Structures are given as structure tokens and as C-alpha cells.
Amino acid sequence: MTMRIADAVNIDDLRRLARRRLPRVVFDFIEGGVEDEHGLEVNESSFARRRLVPRYMVDISRRDQSAALFGHTYASPFGIAPTGLAALFRADADLILARAAAAANIPFIMSGASTASIEEAAQAAPAHAWYQLYAARDKKISEDMIRRARDAGLDTLVLTVDVPVSSKRERNVRNGFELPLKLRWSKSLEALMHPLWIADYLRHGMPRFHNWAPYAEPGASAKAIAAFVARQIPCSVTWRDLENFRRLWPRHLVVKGILHPDDAVRAAQAGVDGIMVSNHGGRQLDQAPAPLDMLPAICAAVGDKITVMLDSGVRRGADVLTALCLGARFVFVGRATLYGAAAGGFGGAQKAIEILRKEIDLVMGQIGCPRLDGLGPGFLLQPDAPQVRTEVHADSDGAPGLEERRLAEKAARR
Ligand SMILES: Cc1cc2nc3c(=O)[nH]c(=O)nc-3n(C[C@H](O)[C@H](O)[C@H](O)COP(=O)(O)O)c2cc1C
């Protein structure tokens with residue numbers, strides 16, 4: 001019997017549904033990493049090897065996973081990371097994701113390589129859309145995009161810094177992935193096995209980079225705009241550029257793609273509000289460490305000067321909670337919601353969010369932590385973090401992490 005979106009019980013089920021709907025050349029673009037794809041493995045295993053140590057006899061009858069971030073209270077501690085070219089997976093996927101995020105009260109980051117525009121994202125999710133900037137070689141373009149994001153009323157700008165050069169995505173090379181999408185004869189046969197995707201693609205045509213269209217030749221075709229974008233990005237971003245963007249952008253500014261504690265400190269000194277510890281979902285440097293493994297050192301280096309967030313490899317609610325235990329304030333998912341949107345449009349994206357949300361709720365109950373501010377390293381058993389502490393007893397109605405923190409603060413005041 002074939003599985004439907006409603007039957008999906010986890011993110012991997014949505015992944016299988018997406019793989020079934022998409023031709024290989026497209027699915028591999030979502031799924032792939034770089035070179036030997038060690039990065040993908042390292043990201044997922046960084047979560048899989050952590051153990052959460054439950055605390056029992058805590059009142060968990062009411063669990064609250066709402067999370068405050070940049071003056072907004074979101075319904076869950078995770079949001080949707082920026083993913084470029086989403087319309088290739090399903091027409092209007094950027095806006096589908098934006099609307100699903102708004103409906104679920106979580107943030108959505110519109111990609112700098114999106115096919116919809118900043119203004120459309122702001123319209124689809126006025127209080128939930130952020131914009132991710134890929135700095136362009138022509139500085140005036142970046143400055144204009146910042147102006148547009150500001151005029152559209154967006155609250156948070158995310159500058160991605162981990163694409164100084166293109167990466168070697170071997171699946172794309174082998175599949176002949178290029179824009180506009182040209183299906184080679186052998187690939188065309190494979191694509192014919194995915195009629196729903198073909199029909200969608202033929203109906204809507206090659207996705208255009210709407211955000212970039214105003215800067216290309218007037219009347220440029222989708223292909224010409226794609227060629228223009230390829231001449232503008234990737235572009236190396238320097239600390240001086242960041243300082244300039246900080247001057248131009250008056251609201252919350254986040255740098256995405258930080259992996260070194262010294263870079264985190266430098267970003268804080270440049271006046272950013274937050275950083276996203278990320279290795280781009282294993283899509284840039286195959287030898288890069290898993291963000292989760294760098295998180296404790298980064299949190300220790302910046303303290304509470306800036307908001308530390310994380311993405312890369314999150315597939316389960318427990319992964320979100322693990323990252324929060326290690327110091328992240330918020331977590332983002334890239335592929336998880338993309339699988340949902342690719343497989344089932346708005347309903348599929350909603351399903352991915354719902355799966356993660358339910359898993360978070362269940363694990364909060366399982367570990368005896370009814371509120372997110374109770375999470376901390378005390379819930380983790382792992383070699384490179386403090387071991388489970390045994391000297392503190394939790395209140396039966398409180399989160400042990402919180403209580404531990406209160407006692408520690410009291411001791412420090414004495
Ligand atoms: C298909 C795809 C496209 C992406 N495009 C962008 C992008 O345009 N800008 C960006 O900053 N990151 C991009 N990323 C990286 C994501 O924002 C995020 O860092 C990554 O997906 C997180 O890892 P995960 O997929 O394991 O959750 C992309 C990722 C994927 C899978």
C-alpha cells in the first residue's frame with residue numbers, strides 16, 4: 001500500500017515520500033552533501049550519539065515548548081532554515097514554507113537564492129519571515145536587498161558567510177544538474193517515472209530568481225537571470241562587509257555559518273544580535289565539524305552577549321532539545337521541512353512541523369523537563385560535556401535544570 005502524507009510518522013517517512021515524487025536529479029539536489037558526504041554523516045551522528053538522561057517524578061502534566069527570540073514568542077524552539085531553489089521541488093515552495101511557518105508560529109528564513117521575492121515572503125508571513133542575504137559581488141545589489149527587506153518590514157536579516165566559493169557537490173555533477181534544468185536522455189526517462197513533478201514543472205515552467213530580476217537586464221529570461229545570479233554569487237564576505245551591513249540594517253542581524261569560537265566572538269564584537277552555528281547541512285566543506293560538536297565551545301566563548309542558534313542534521317524533536325541542552329537558544333531545520341513541502345505542499349510542510357513539535361513535547365515529558373528554560377547539560381550523558389550531576393534534587397513540580405541553576409546562583413551569591 002502506498003504511504004500518504006497523513007501516514008508519515010517521522011521525518012524519514014516524509015523524505016521517502018519526497019524521493020518518490022521527485023526525479024533523482026532534483027531529489028539529489030536536496031539530499032546531497034559534498035565530495036564523500038562525510039559532513040552529512042557527521043551531522044546526524046553528532047545527535048545520534050548523545051544520550052538524554054531522564055529525570056522522573058517531576059510534574060510534566062503541562063509542557064510548554066514556546067520559545068522567546070528577538071522579541072517574539074514562537075510556539076516551538078525551531079524554525080525553517082533558508083533553502084534556495086525550492087520552487088524546483090514544488091512550485092511556490094518558498095511561499096508554501098513561509099505560510100506553513102506563519103500558521104505554526106515559527107520563523108521562516110527566506111533564502112537569498114529563493115525564487116520568490118523578499119516582498120512576497122513578507123506578504124505571506126508578515127510576522128514570521130526573515131531574509132537571508134547572499135552578499136553579491138556588486139555591493140549595490142546587497143545594499144538594495146537590505147533596503148528592500150527593511151521596507152518590506154522584515155525584522156531579522158541573516159547573512160550567510162559559509163559559501164566563500166562554490167562547493168563540489170558530486171551528485172549534482174554526475175546528474176548534470178544545472179539551471180535551467182536540462183534533463184539528459186537517461187535522466188529524462190527517470191524523470192518520466194515522476195509524473196506529478198513533471199506536470200508541476202511543465203505547468204509553471206523554469207523557476208525564476210524573482211529577487212534578482214530587478215538587477216538583471218530588463219526583460220531577461222529565467223535562464224539569463226540564473227546566469228546573472230551565478231556571476232554575482234558566491235562572493236567572499238569579509239568582516240568589513242559585515243560591519244557595513246550592520247550599519248545599514250537597523251534591526252536584528254544574524255550571521256549564519258559560524259563554526260569557530262573566535263569567529264563567534266568577532267561577530268559579537270561586530271555588533272550582531274545572533275549567530276547560527278551551521279555547516280550548511282554538510283553542503284560546503286566536507287571536513288567541517290558538526291555544529292553540535294562546536295556548540296559548547298562557541299557558547300562558552302560568547303556567553304550571553306549574543307543569541308546562539310544552530311542548524312545541520314536535525315531530524316528529530318530530541319535533536320532540537322539536545323542542541324538546547326548544549327546551549328543553543330533556537331534551532332533551524334533545512335531538509336526536514338523541505339521533504340514535507342516537496343512531498344505534500346502546504347500539508348506536507350505542516351506535517352513536518354507537527355512531527356517535530358509532537359516529538360519535542362513527548363521528549364520533554366520523557367526527560368522530566370516541562371519548560372525549555374529547564375534544559376541544560378545536566379540532561380546529557382556524553383564524554384565532552386559535564387556528566388550528570390547527582391547532588392541536586394529536583395522539585396516535584398519544577399524542571400531540575402532550573403532548580404540546579406537557582407541553587408548554583410544562590411551558592412555564587414554567598
Ligand atoms: C536544498 C538546500 C538549499 C539550501 N540553500 C541555502 C541557501 O540558499 N542559503 C543558506 O544560507 N543555506 C542554504 N541551505 C542550508 C540550510 O539553510 C541549512 O543550513 C541546512 O539545510 C541545515 O541542515 P539540514 O538540512 O540537515 O537541516 C540549503 C540547504 C538545502 C538542503
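**Exercise 1. Which residues does His-128 touch, not counting residues up to four places away in sequence?**

Before the solution, the basis of the values: this is a predicted model, in which local features need pLDDT of at least 70 and side-chain atom pairs count only at pLDDT 80 or more, while totals for chains, interfaces and linings use all residues. Residues are numbered from 1 along each chain as its sequence is written, and side-chain values use heavy atoms, with hydrogens and water left out.

*Solution.* Begin with the location: His-128 sits in the loop between helix H5 (118-124) and strand E6 (129-133), where helices (H or I, at least four residues) and strands (E, at least two) are DSSP runs numbered from the N terminus. Next, apply the contact criterion, heavy atoms within 4.5 Å; with residues up to four places away in sequence set aside, His-128 touches His-72, Tyr-74, Ala-101, Ala-102, Asn-105, Ile-106, Pro-107 and Phe-108. Among these, Asn-105 makes a polar contact through its side chain with the side chain of His-128, at 2.8 Å; a polar contact is a pair of N or O atoms within 3.5 Å, and within protein one must be able to donate a hydrogen and the other to accept it, residues adjacent in sequence counting only if both atoms are side-chain atoms. Finally, His-128 counts as buried because its relative accessibility is 10%, buried meaning under 20% relative accessible area, exposed over 50% and partly exposed in between (1.4 Å probe, protein chains only).

**Exercise 2. Determine how strand E6 is enclosed and which strand pairs with E6.**

*Solution.* First, count the buried residues: 5 of the 5 residues of E6 are buried, so the strand is largely enclosed by the rest of the structure. Second, sort the residues by direction, recalling that in a regular strand the side chains alternate between the two faces of the sheet. In E6, Ala-129, Tyr-131 and Leu-133 point one way, whereas Trp-130 and Gln-132 point the other way, and all are buried. Third, look for the partner: strand E5 (residues 108-110) runs parallel to E6 and is joined to E6 by 3 bridges, two strands being paired if DSSP finds at least two bridges between them. Within this pair, Ile-109 stands opposite Trp-130.

**Exercise 3. Carry out the corresponding analysis for strand E9.**

*Solution.* Start with the faces of E9 (residues 274-277): Gly-274 and Met-276 lie on one side, Ile-275 and Val-277 on the other, and as all of them are buried, both faces are covered. Then turn to the pairing, where strand E8 (residues 252-258) and E9 run in the parallel sense over 4 bridges, with Ile-258 opposite Val-277.

**Exercise 4. Describe the shell around the ligand and the polar atoms that approach the ligand.**

*Solution.* Take the shell first, a residue being near the ligand if one of its heavy atoms lies within 4 Å: there are 24 residues around the ligand, and Pro-82, Ser-111, Thr-160, Asp-311 and Gly-313 come nearest. By class, the shell divides into 8 nonpolar, 11 polar and 5 charged residues. Helix H2 (24-31) and helix H15 (335-367) each supply at least two residues of the shell. Now list atom pairs that involve an oxygen atom of the ligand: a polar side-chain atom of Lys-256 lies 3.0 Å from such an atom, a polar side-chain atom of Arg-315 also lies 3.0 Å from one, and a backbone N or O atom of Gly-334 lies 2.9 Å from one. The ligand has 610 Å² of accessible area on its own (Shrake-Rupley method, 1.4 Å probe), and the protein covers 98% of that area.

**Exercise 5. Place Arg-315 in the chain and explain why Arg-315 is classed as buried or exposed.**

*Solution.* Arg-315 is found in the loop between strand E10 (307-311) and helix H14 (317-325). Since its relative accessibility is 16%, Arg-315 counts as buried. Leaving aside neighbours within four places in sequence, Arg-315 is in contact with Ile-11, Glu-44, Arg-335, Leu-356 and Glu-359.

**Exercise 6. Compare the surroundings of two non-glycine residues with positive phi, Met-57 and Leu-85.**

*Solution.* Met-57 has a phi near 60 degrees and lies in the loop between strand E1 (51-52) and strand E2 (67-69), whereas Leu-85, with a positive phi of about 60 degrees, lies in the loop between strand E4 (78-80) and helix H4 (93-104). Accessibility then separates the two: Met-57 counts as exposed at 76% relative accessibility, but Leu-85 counts as buried at 8%.

Key. Nonpolar A, V, L, I, M, F, W, Y, C, P; charged D, E, K, R; others polar.
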